[in-house]
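New to this one? Take a look at the sequence and the structure first, and then we'll walk through the ligand and its surroundings.

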Amino acid sequence: MTARAAAAVPCLAPGSTVGPWAGIDLAALVHNLGVVRRHAPQSRVWAVVKADAYGHGMLTVARGLQGADGLAVARVAEALDLRRGGIDRPLLVIEGAGSPEELRAAGGLGVQLVIHREGQVPWLEEGGSPDGPEPLGLWVKVDTGMHRLGLEPGAVTRMLARLGACRGVRVLGIMTHLANADTPEDPLCEAQCAALRRLGAETGLPLSIGNSAGVLAVAASRTDWVRPGIMLYGASPLSGRSAAELGLRPVMTLGTQLIAVQRLRCGDAIGYGGTWSCPEDMPVGIAAIGYGDGYPRHAQAGTPVLVRGVSCPLVGRVSMDTIHLDLRPLPDARPGDQVTLWGQGLPVEEVARRAGTIPYELLCRVSARVPREEMPG
Ligand SMILES: *Cc1c(COP(=O)(O)O)cnc(C)c1O
């Protein structure tokens, strides 16, 4: 066989290929930022766009969120991707620099960094001032009870003195992260906020506490800056309260098509392991999406899936590229019919519950194989 010229491979127009897609509704994103603003009208907003904007496409979301005061990511590499993509807004790196090289790269690009441990300071003391036009902006992270990242509250004063002696840096604020804000009645939430507010009163520095759950349900966490992520994407961070109840609109709708309809007999076993058998003669649909696209392999039989808007439960094991659907609710379904896995008409929280996980994980794990498409507003 002769080698084929790459240029001869046709490009198929969007919409003409079969397989999953993730529609991104930028109007919903802007609406959800409005919900943040209504709950925390006095706060400035770092919109959290880490992990490819929770799977939605980091640059698309960054461009769609012009109304946020800044964008927050977890790692320096993500901040560099945003700068490379032409995003010229304030950026915050939540985990801070992991090496002197990262620190210098971020400093040169006007990216603000979190200092969460003593070991990050010598890079500032020894490396001299980072070579950006402005001082490097720093936030000191305090561990008020989550025990993940941050200094203990008693170590903050000494840290501020140390940073004050470094050239070319400026401490912009102190921050902490809530461990249990999804259950806002947990007394730890208030205790964490009080601990950071005490440090704020002592140091006079701006504070940042609230994540999405804090913004929605913990008043004391609505500080100078808040850091919402999941609620911007239209999913609920609160156990027992739906996104719709909170006035949030889903940004991602994950869809695909039916690629086959099988007319099966009572007793026929379905898919790998034959874990589900037809209780009667019935139509079973095969939809073009699987765990290779990020649909959760642990989704149980009975997880709702919409075919042309009608709920047709998942049956059998999820394969890499396909799932099986019970088409008894829609017996005239045909190959080519539109299938919705979550998003408009089907909350991602419901799918997450059936798969033993949280919406964050489902959204983040939509794989690179799935094209993201901006939906017309
Ligand atoms: C991811 C993250 C957030 C955003 O959390 P949501 O629950 O998605 O709102 C805020 N702050 C920190 C430190 C984070 O790591």
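What follows is a short tour of the ligand's site and of one histidine there. Keep in mind that this is a predicted model.

Let's start with where the ligand is: it sits in the largest pocket. Around it there are 13 residues, and the closest are Lys50, Tyr54, Ser212, Ile230 and Tyr360. As for the character of that shell, six of its residues are nonpolar, four are polar and three are charged.

Some side chains put polar atoms within reach of polar atoms of the ligand. Here are three such pairs:

| Side chain | Ligand atom | Distance |
|---|---|---|
| Serine 212 | oxygen | 2.5 Å |
| Tyrosine 360 | oxygen | 2.7 Å |
| Histidine 177 | nitrogen | 3.4 Å |

How much of the ligand's accessible area does the protein cover? On its own the ligand has 390 Å² of accessible area, and the protein covers 93% of that.

Now back to the histidine in the table. Where along the chain is histidine 177? You'll find it in the loop between β7 (169–175) and α8 (187–203). Besides the ligand nitrogen at 3.4 Å, the side chain of histidine 177 has a polar contact with the side chain of arginine 227, at 3.2 Å. Leaving aside residues up to four places away in sequence, histidine 177 touches Lys141, Met146, Arg148, Gln192, Asn211 and Arg227. So much for the tour: Arg227 turns up both in that list of neighbours and as the polar partner of histidine 177.

Definitions and conventions
Residues numbered from 1 in each chain as written. Predicted model: local features only at pLDDT ≥ 70, side-chain atom pairs only at ≥ 80, totals over all residues. Heavy atoms only, no water. Helix = DSSP H or I, 4+ residues; strand = E, 2+ residues; numbered from the N terminus. Polar contact = N/O pair within 3.5 Å; in protein donor to acceptor, adjacent residues only side chain to side chain. Contact = heavy atoms within 4.5 Å. Near = heavy atom within 4 Å. Areas by Shrake-Rupley, 256 points an atom, 1.4 Å probe, with all protein chains shown as cover. 1 Å grid on protein atoms, 1.4 Å probe; cavity = no way out; pocket = protein on both sides within 12 Å on 5 of 7 lines; lining within 4 Å. Sits in = over half its atoms within 2 Å of the grid points. Nonpolar A, V, L, I, M, F, W, Y, C, P; charged D, E, K, R; others polar.
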